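Subject: Structure handover

Hi,

Here is the structure I promised to pass on. Please open it alongside this note, since what I found follows straight after.

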Amino acid sequence: MKKEDIIIIRITSAAILLAALALILLLGSQSGLFQHYIDMINNNEYSHMAGSAYNAAFFNGANTIYTFLFDLTLYTTIIGAMGLLLKLKGVSSIALCGGISSIVTGIYIVLVYILENNVLLHKAASYIYLNEAGNYANGDRILHIKVVIMGIILIVIGILAILIIKSSNVKKMYSYNSSYKHTGLIAMLPVFYGCIFMEIIKNILLKSVTNIQEQDGQVYTILTEHYFDGMPLFHIKLIGVVLISAVMIVFVNRFIRKFQIDKTIIGIVFGLAYIVQIVFIMINPPRLFGYLSFDEHICDMVDASNMVYMIMYALDVVFVSILTAVCLKDDYSHKKILITLSIHFVISILAIIGLHFISLSAIFAGCAAADLVALISFFYTANIRAGNH
């Protein structure tokens with residue numbers, strides 16, 4: 001067998017292993033691995049001791065870390081598998097990260113199982129989630145043994161994937177070689193920025209500033225947890241947006257060579273989908289008074305804030321999809337991406353902290369402005385590059 005044929009077999013095998021890891025995550029461990037146990041505790045499906053608030057706090061902490069690991073591993077395994085098969089530039093870094101993150105996720109799952117009744121961890125979780133020094137740890141194990149099996153499978157397949165990728169020397173192959181040294185790593189920015197900042201940090205800050213004013217806190221809770229209940233677009237996780245965008249971009253970059261960011265339709269498609277839903281909500285607004293609140297002032301505040309919130313959220317989604325597109329472009333300036341993200345971060349933080357004394361709508365408008373500035377920056381710099389060629 002020729003050396004080239006052996007390399008092709010190895011690369012294909014690595015892609016299959018990464019795809020298998022993605023399937024295991026989606027169908028096996030799933031994103032709600034620990035959330036499942038939290039729901040069971042909250043629904044009193046365990047005994048009083050096993051279903052204590054301290055156990056719920058422990059699993060809340062475990063779930064917070066696991067959620068990010070799941071998002072990162074899912075993204076890198078799917079894009080890594082596709083990139084190897086479709087010869088995405090700089091894919092070696094993404095593929096290796098897919099194997100590494102699956103190993104880390106597997107180890108984390110096993111550690112949570114082993115340390116489920118650790119008193120120190122229960123104390124730490126109760127301090128964070130319950131504001132008290134509870135140290136109760138139930139003697140009976142809540143987690144099932146299948147959790148450990150799932151973690152071990154992720155570790156084993158992840159190791160195999162890494163060994164095959166390293167032995168294939170994908171990074172040195174011309175068809176996978178990137179003009180930018182860190183293209184594969186920069187391509188993971190949408191996961192880190194979208195999932196950590198926009199879904200976790202931003203949400204924590206919004207809850208913090210709205211809780212200063214009791215009524216603002218009620219309005220924010222209604223908007224995020226009740227007002228858009230049953231409307232999938234407004235509850236979609238940003239990792240879903242990143243994945244859909246990335247998959248489409250990989251296909252486009254593979255089959256349509258001259259792909260300019262100003263011709264990207266991903267963000268436009270998402271934007272149009274949200275506009276349709278926003279118009280639908282305007283024409284058929286959900287019932288508030290007597291359903292979500294009997295306070296007319298709260299209902300008026302929700303009515304005043306909902307439109308700005310919807311626009312902000314729609315722009316968040318479009319921004320993340322465009323960010324994914326530019327990060328996967330081999331010839332886009334990494335320096336300009338980082339500068340744009342820094343500007344977006346600063347404006348968003350200033351809007352949340354500095355505008356809370358005006359109104360909730362002002363905060364949402366400020367965050368929407370940050371998205372617009374970032375989007376304009378991406379399109380402008382892309383056109384500058386295109387005009388110079």
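S245 touches I266, F270, S321 and T324, leaving aside its neighbours within four places in sequence. S245 sits in helix 10, which covers residues 238–255. Its relative accessibility is 0%, so S245 counts as buried. Bear in mind that this is a predicted model.

**The chain as a whole**

The chain has 14 helices and 0 strands. Read along the sequence, the pattern is α-α-α-α-α-α-α-α-α-α-α-α-α-α. Of the 389 residues in the chain, 49% are buried. Take the contacts with a separation of 6 or more. Residues 24 or more positions apart account for 82% of them.

**Helix 3**

Helix 3 runs over residues 53–86. At 1.5 Å a residue, its 34 residues should span 50 Å. The end C-alpha atoms are 49 Å apart, which agrees. Helix 3 is mostly covered, with 25 of its 34 residues buried. K87 follows helix 3 and has a positive phi, near 60 degrees.

**Packing around helix 4**

Two packed helices are described by the angle between their axes and the distance between the axes. I use that pair of values for each partner of helix 4 below.

*Helix 3 with helix 4.* The angle is about 150 degrees, and the axes are 8 Å apart. That makes helix 3 roughly antiparallel to helix 4, because angles over 145 degrees count as such. The crossing of helix 3 and helix 4 is left-handed. The residues of this contact divide into 16 nonpolar, 10 polar and no charged.

*Helix 4 with helix 6.* Helix 4 spans residues 91–114 and helix 6 spans residues 145–168. They pack at about 155 degrees, with axes 8 Å apart. So helix 4 is roughly antiparallel to helix 6. Their crossing is left-handed. On the helix 4 side, the contact is made by A95, L96, G99, I100, S102, I103, T105, G106, I107, I109, V110 and Y113. Helix 6 brings I145, V147, V148, G151, I152, L154, I155, G158, I159, I162, I165 and K166. By class, the residues of the contact of helix 4 with helix 6 are 17 nonpolar, 6 polar and 1 charged.

*Helix 1 with helix 4.* Helix 1 covers residues 3–29. It packs against helix 4 at about 35 degrees, with the axes 10 Å apart. Helix 1 passes helix 4 in a left-handed crossing. L18, L21 and S29 in helix 1 meet A95, G98, G99, S102 and I109 in helix 4. This contact of helix 1 with helix 4 has 4 nonpolar, 4 polar and no charged residues.

**S102**

Is S102 in helix 4 buried or exposed? S102 is buried, because its relative accessible area is 0% and the cut-off is under 20%. Not counting residues up to four places away in sequence, S102 touches L21, T73, L154, I155 and G158. L21 belongs to the contact of helix 1 with helix 4. L154, I155 and G158 are among the helix 6 residues that meet helix 4. T73 falls within residues 53–86, the range of helix 3.

**Two more positions**

*L160.* L160 is found in helix 6. With a relative accessible area of 42%, L160 is partly exposed. Which residue lies 146 residues from L160 along the chain, with a C-alpha separation of 8.1 Å? The residue is A14. A14 falls within residues 3–29, the range of helix 1.

*A351.* A351 is in helix 13, residues 334–354. A351 is buried, with a relative accessible area of 5%. Leaving aside its neighbours within four places in sequence, A351 is in contact with H356, I363, G366 and C367. A351 and A362 are 11 residues apart in sequence. Their C-alpha atoms are 7.9 Å apart in space.

**Where to look**

For a quick pass in the viewer, begin at S102 in helix 4. Its contacts include L21, T73 and L154. Then go to S245 in helix 10, and to A351 in helix 13.

Best wishes

How values were computed
Residues are numbered from 1 along each chain as its sequence is written. This is a predicted model: local features need pLDDT of at least 70, side-chain atom pairs count only at pLDDT 80 or more; totals for chains, interfaces and linings use all residues. Side-chain values use heavy atoms; hydrogens and water are left out. Axes are lines fitted to C-alpha atoms, for helices over the stretch in contact, and angles run from 0 to 180 degrees between N-to-C directions. Helices (H or I, at least four residues) and strands (E, at least two) are DSSP runs, numbered from the N terminus. Angles under 35 degrees count as roughly parallel, over 145 as roughly antiparallel, 65 to 115 as roughly perpendicular and the rest as oblique. A crossing is left-handed if the near helix is turned anticlockwise from the far one by less than a right angle, and right-handed if clockwise. Contact means heavy atoms within 4.5 Å. Ala, Val, Leu, Ile, Met, Phe, Trp, Tyr, Cys and Pro count as nonpolar, Asp, Glu, Lys and Arg as charged, and the others, Gly among them, as polar. Buried means under 20% relative accessible area, exposed over 50%, partly exposed in between (1.4 Å probe, protein chains only). The expected span of a helix is 1.5 Å times one less than its number of residues.
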